[in-house]
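Trainee: Got a minute to go through the ligand site and the cavities with me? I'll put the structure up first.

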Amino acid sequence: MALLGNKKEKTYDTGDLKVPVSLGVIMDGNGRWATNRHLPRSAGHKVGAENLKELCRNCVRYGVKYLTVYAFSTENWARPQPEVDFLMKLFVELFDKYDEELAEEGIRVRFTGDDSELPKKVREVCKTAEERSKNRPNMQLIVALNYGGRREILNSCRQIAEKVKAGEIDPSDITEQMLSDNMYLPDVPDPELIIRPSGEMRLSNFLLWESAYSEFWVSDTLWPDFGYEHLTQAFRDFASRDRRFGGLSK
Ligand code: IPE
Ligand code: IPE
Ligand code: MG
């Protein structure tokens, strides 16, 4: 079955693919991409940021409904200050600059993470981007910014602990569903598939709670070079995964 072509009139062949409703992507490898070209790491972040638009376009065409991308972790503050500053500046520029194209594609933008530590300007830009895009119908782009899976679980536990303290519930009333309901964006389905470019075989604190039964797909391609072909291959491989959820094959 051929889906709509995009601006370059690509054919989206979904014959033997499985497209996840909810997809996670760890956008890793910007620094190495730049270093390989004798460029400063910031150049890799710039090209990586541009590449997010291409991923969004392709995901919309394929029919992904929720795309969660890891942009900055709670651990990334450990980088040299100039790199952190560059990234924060990039986030401020990005969501204004991209809005026209995101609007054209009908993409709603949301953020997940601990925004209390982000610079005020970044928080403002995020809020504006969320506000102006909230009625767009095609796909939700969820940007994980100062996001840490452990912090998210901790935050959920604290909210539940408050209810215990107030006498509203007993510790024995706490359920897995209650923890899920107190995550940052409880309405976003757990990702069925998580893609990590750059060859690393780890989660780096991404969606720890939500990824309990996610399928993983890694590639040696660095994020700035990750394109339509890689996404298609990931969906092709996803189609042949046997998701047993602890049970037996069908
Ligand atoms: C991912 O690329 C971007 C962020 C973490 C913000 P990296 O900057 O981690 O690139 P590598 O892993 O050093 O190549
Ligand atoms: C994960 O990449 C975070 C993002 C892509 C935003 P890192 O480059 O920070 O992960 P580690 O340090 O290699 O685990
Ligand atoms: Mg990295």
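Trainee: How far is an oxygen atom of ligand 2 from an N or O atom in the side chain of Arg 196?

Mentor: That one comes out at 3.4 Å. Keep in mind that this is a predicted model. Arg 79 also has a side-chain N or O atom 3.2 Å from a ligand 2 oxygen, and for Arg 202 the distance is 2.8 Å.

Trainee: And how much of ligand 2 does the protein bury?

Mentor: The protein buries 78% of the 390 Å² that ligand 2 exposes when taken alone.

Trainee: OK, and which pocket does ligand 2 sit in?

Mentor: The largest pocket.

Trainee: Which residues are around ligand 2, then?

Mentor: Going along the chain, you have Ile 26, Met 27 and Asp 28, then Tyr 70, Ala 71 and Phe 72, followed by Asn 76 and Arg 79, and finally Arg 196, Arg 202 and Ser 204. Strand S4, residues 66-73, provides the largest share of that shell, with three residues.

Trainee: How does the shell split by class?

Mentor: Five residues are nonpolar, two are polar and four are charged.

Trainee: Switching topic: how many cavities of 30 Å³ or more does a search of the whole structure find?

Mentor: Two. The largest has a volume of about 50 Å³, and the second largest is about 40 Å³.

Trainee: What lines the largest cavity?

Mentor: Its lining is made of Lys 53, Cys 56, Arg 57, Glu 101, Leu 102, Glu 105 and Ile 107. Helix H2 (41-62) and helix H4 (99-104) are the elements that give two or more residues to that lining. The largest share is from H2, with three residues.

Trainee: I see some Lys, Arg and Glu there. What's the class breakdown for the lining of the largest cavity?

Mentor: Four charged, three nonpolar and no polar residues.

Trainee: And the second largest cavity, which residues line that?

Mentor: Asn 51, Glu 54, Leu 55 and Asn 58 are in the lining, along with Trp 223, Phe 226, Gly 227, Tyr 228 and Leu 231.

Trainee: Which element gives the most to that second lining?

Mentor: H2, with four residues. Helix H8 (228-239) supplies at least two residues as well.

Trainee: Last one: how do the residues of the second largest cavity's lining divide by class?

Mentor: Five of them are nonpolar, three polar and one charged.

Terms used: Residues numbered from 1 in each chain as written. Chains lettered and ligands numbered in written order. Predicted model: local features only at pLDDT ≥ 70, side-chain atom pairs only at ≥ 80, totals over all residues. Heavy atoms only, no water. Near = heavy atom within 4 Å. Polar contact = N/O pair within 3.5 Å; in protein donor to acceptor, adjacent residues only side chain to side chain. Areas by Shrake-Rupley, 256 points an atom, 1.4 Å probe, with all protein chains shown as cover. 1 Å grid on protein atoms, 1.4 Å probe; cavity = no way out; pocket = protein on both sides within 12 Å on 5 of 7 lines; lining within 4 Å. Sits in = over half its atoms within 2 Å of the grid points. Nonpolar A, V, L, I, M, F, W, Y, C, P; charged D, E, K, R; others polar. Points joined across faces, edges and corners; volume = space filled by probe spheres on them.
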